[in-house]
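User: I'd like to learn how to read a few features of this model, starting with burial and working up to strands and rings. Can you walk me through them?

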Amino acid sequence: MTTHSFVPLLAAVSLVLFTPRDAAPQAPSPRDHLGFEVGADRQLADWSQIVGYFTKLADASPELALDTLGPTTQGRPLIVATITSASNMRKIDSIQAAQRKLADPRSLSPAEERALVASQPAVVVIQCNIHSTEIASAQMAMELAHRLVTIDTLRHALDNVVVLLIPSANPDGEQMVVEWYRRNVGTRWEGGPIPWLYHPYVGHDNNRDWYMVTQRETRLITDLLYRQWFPEVFYDVHQMGDEGMRLFVPPFVDPINPHVDPLIVRGIAHIGAEMALALEERGKTGVGDQAIYDLWWHGGARSTPTRHNMIGVLTEAASVRIATPIVQDTATLEGHARGLPKYERRMNFPNPWPGGTWRLRDIVDYELIAAEALIRMLSQQRSQYVANFVRLGRKQIALGKSGSPKAYVIPSSQRDPSAVRRLVEVLTIGGVEVDSADDVTADGKSMGRAYVVRLDQPYRAHALDLLEAQRFPRLERQPGGPVERPYDVAGWTLPLQMGVDVMPAEAVSYIAPRARTVGVVGTEFCGPDVKLSRVLMHVANTACFRQIISSLRRSRPVEVAGSGGTYQVNRTPRIGLYKPWTANMDEGWTRWVLEQFEIPYSSLTDSAVRAGGLRDRMDAILVSDMSLRDLRQGMSDSVVPPPYSGGLGREGIEGLKAFVNAGGTLVLLDRASELATAELGVDVRLLKVPPRRDDWEQRSGDTLDNTVHELYAPGSILRVLIDATHPVGFGMPDTAAVYFTNSVTFDVPASSPVRVIARYPARGDDILLSGFLEGSPSIAGKAAAIEASVGRGRVVMFGFRPQYRGQSYGTFRMLFNALLSGGGSVGRR
């Protein structure tokens, strides 16, 4: 079909689009195509097989059309199957156009609304396999599609529902996991972890990217949701650990984000109850709800739609070892830390699983029942969900007119114009309307040229939740008892993370918008001042680092200016990024950030570090956030085969020491800083947050020395004071926001020669900017970033993550300065 505004399917897999037909031959089953049953022990379909099956099914059935959203990071087709009745398929263009009107009811007349509520099918997106090791749903999707077009009761439901089925939100990872699993079947590593990231850059964090939309797959699906189809319901199918429930269904636990409408909360609970009832009717035990997962954070695949007037649903099935069965006794089932502290019978867990063998096919069965229950329910209550969708949009528009603030204004002229442009791009990709205008006046103050986000628009909640500060509520488990801690990220305010000034306003005026931005909003040029043979750069604008690298590649030295003078970079830096065989997500994010700013690097694996001679090859080596244990030992050879086991070992640690002593720069992020205190003799005390009770590293013997038990901040934005005269601080304001995710802090003795680059305010109450912080006095006045001399070289240690998930533009330049301002390629003035 050509009406979905999707690009043609990739020629590499020989796909074509099929026009639905009234009559169709017998639809092939997944077994016919694969040669085995979906969910069979130790049998998995890879991505080419899955695409091949959907191609055959589209050819056979008038009720399924296959499209591609675009190529993945590695060039595979990210497909979506549109499944609905043949009669709906014939008018799919008008259904899609009507859905756009429902999503933005400003152009919807009362008569049109009544007509659409009476006739429009409900639209649901079912997204599978975003986390590639959670492989069951990618397999299940084939059987679900077959059942929808062959079982009469489900075909009847499709008269009232359009299903957009995404078999995998990460096809690259699905292929990686299947290939790794097949390679190790029959060995002691069968069903074990893959030693590299199953998304080329971000691994498991691809489900942490849904408001920042940095990755290609996230952008493609975001476009489907907020520019093309506007579904009433988004269902994200996941797996979890195997220690408790067999399947989690909504509702979620507290807290609820204030920008999630109560009608959405009720809709989530309604769908969860329908799923749980259907599972119970089918004799499926171990189904629980109101545990583990909350409705606070914005960045997950099922979370961001709730700020777009859509009902975001999540299920999590107990995992197996990829496709290898597990055997469990109830004595080994411990339950979950939030909501279900013990494996016991409760109102939200009335029928525990009795134990025994748990198979991939069990997961497939549970997921099929849940998905079909959702589709049947939407068919039966179609008009209610369509009407509520319009109601939610109208409510957001009305709140934007009556609530406070009425708008946000983002001045164009700021310290870092590239961060301003990226913030606007993030908003517009998420469907938020942003006006670019001249002569903007906000609350009587002239703002000049600026971007204006008016809040009387359908996606008001999305804009508000990204632009304002978060305060995670204080929830006591019992009066005077311990406070419930966040499950995940507690604060994410983008203006703070990105170092962009954003002003709330009650009254905004401008003559006319120059443009309404709809995507990428321009590139940034950093104009250098030429001084003789050198180029002088000021790096408050993060985009200047691209210019620096460009000049160096043309053999033009660069002098980088800051408050404390300049540092000179004479040649293109030789940067090594340590790449462990532990599927480290922070390493992947670091690669991604460096590549976005065209900063060259080479990946250094364990063997490359152990080989020695690093100073001859590198000026700076960067180690992303990871534990000292991971650095030293990596994963055991009982978990992954050689050469992926063992970590750096003593030989690799000595290689890094020799590199620094010979004049190299070693940059360590967050927990990796312990390498400097434990192995390089840096004279500071490292303060660490104790790991959670069920944390993998604690079970594996990670050191708990210097832990501060009262400190806890799992993803929050904190204030630091910057020494902008230090080269690492060049281009930074005196006060900045950093991202702290149970990170480390440095207690620097008064007699220590270590130089403090950033420190937390002296008063604990002045530290938290957004999110949740428990135990702030323990880090008040302590250092957040430091530089230490070691031999002829230096170590720069960041207690926070300056490149956090590609979001913290406000501190990117500190990382880039650290890499460029030391080592053999640099001269300071």
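Analyst: Happy to. One term first: buried means under 20% relative accessible area. Keep in mind that this is a predicted model. By that cut-off, Phe812 is buried, and so is Phe816.

User: Okay, now strands. Which way do the residues of strand β23 point?

Analyst: The general idea is that in a regular strand the side chains alternate between the two faces of the sheet. Here, β23 covers residues 575-578. Ile575 and Leu577 point one way, while Gly576 and Tyr578 point the other way. Whichever way they point, all of these residues are buried.

User: Which residue stands opposite Ile575, and which opposite Tyr578?

Analyst: Take the two neighbours in turn. With strand β25 (residues 620-623), β23 pairs in the parallel sense over 3 bridges, and Ile575 stands opposite Ala620 there. With strand β24 (residues 602-604), β23 also runs parallel, joined by 3 bridges. In β24 the residue opposite Tyr578 is Leu604. To get from β23 to β24, the chain passes through helix α17 (residues 585-596), making a right-handed β-α-β crossover.

User: On to rings. How many aromatic pairs are there, and how do I describe one?

Analyst: A pair of aromatic rings is described by the distance of the centres and the angle of the planes. Counting rings whose centres lie within 6.5 Å, you get 27 aromatic pairs. Try Phe597 and Phe816: their centres are 5.2 Å apart and their planes at 55°, so the pair is tilted. Phe597 sits in the loop between α17 and β24, whereas Phe816 belongs to helix α24 (residues 809-820), so this pair links parts of the chain 219 residues apart. Both Phe597 and Phe816 are buried.

User: And why is the pair of Phe812 and Phe816 called tilted?

Analyst: Run the check again: the planes of Phe812 and Phe816 are at 45°, with the centres 6.2 Å apart, so that pair is tilted. Being 4 residues apart in helix α24, Phe812 and Phe816 are separated by about one helical turn.

User: Which residues form an aromatic cluster?

Analyst: Look for Trp296, Phe472, Trp492, Tyr712 and Phe772, which form one aromatic cluster. Tyr712 has a charge over its ring, too: the charged end of Arg485 sits 4.1 Å from the ring centre.

User: Where does the charged end of Arg246 sit?

Analyst: Over the ring of Trp358, 4.9 Å from its centre.

Notes: Residues are numbered from 1 along each chain as its sequence is written. This is a predicted model: local features need pLDDT of at least 70, side-chain atom pairs count only at pLDDT 80 or more; totals for chains, interfaces and linings use all residues. Side-chain values use heavy atoms; hydrogens and water are left out. Buried means under 20% relative accessible area, exposed over 50%, partly exposed in between (1.4 Å probe, protein chains only). Helices (H or I, at least four residues) and strands (E, at least two) are DSSP runs, numbered from the N terminus. Two strands pair if DSSP finds at least two bridges between them. A crossover is right-handed if, with the strands pointing away from the viewer, the path from the first strand over the helix to the second runs clockwise. Rings of Phe, Tyr and Trp (its six-membered ring) pair if their centres lie within 6.5 Å; planes under 30 degrees apart count as stacked, over 60 as edge-to-face and the rest as tilted. A charge sits over a ring if NZ of Lys or CZ of Arg is within 6 Å of the ring centre and within 35 degrees of the ring normal.
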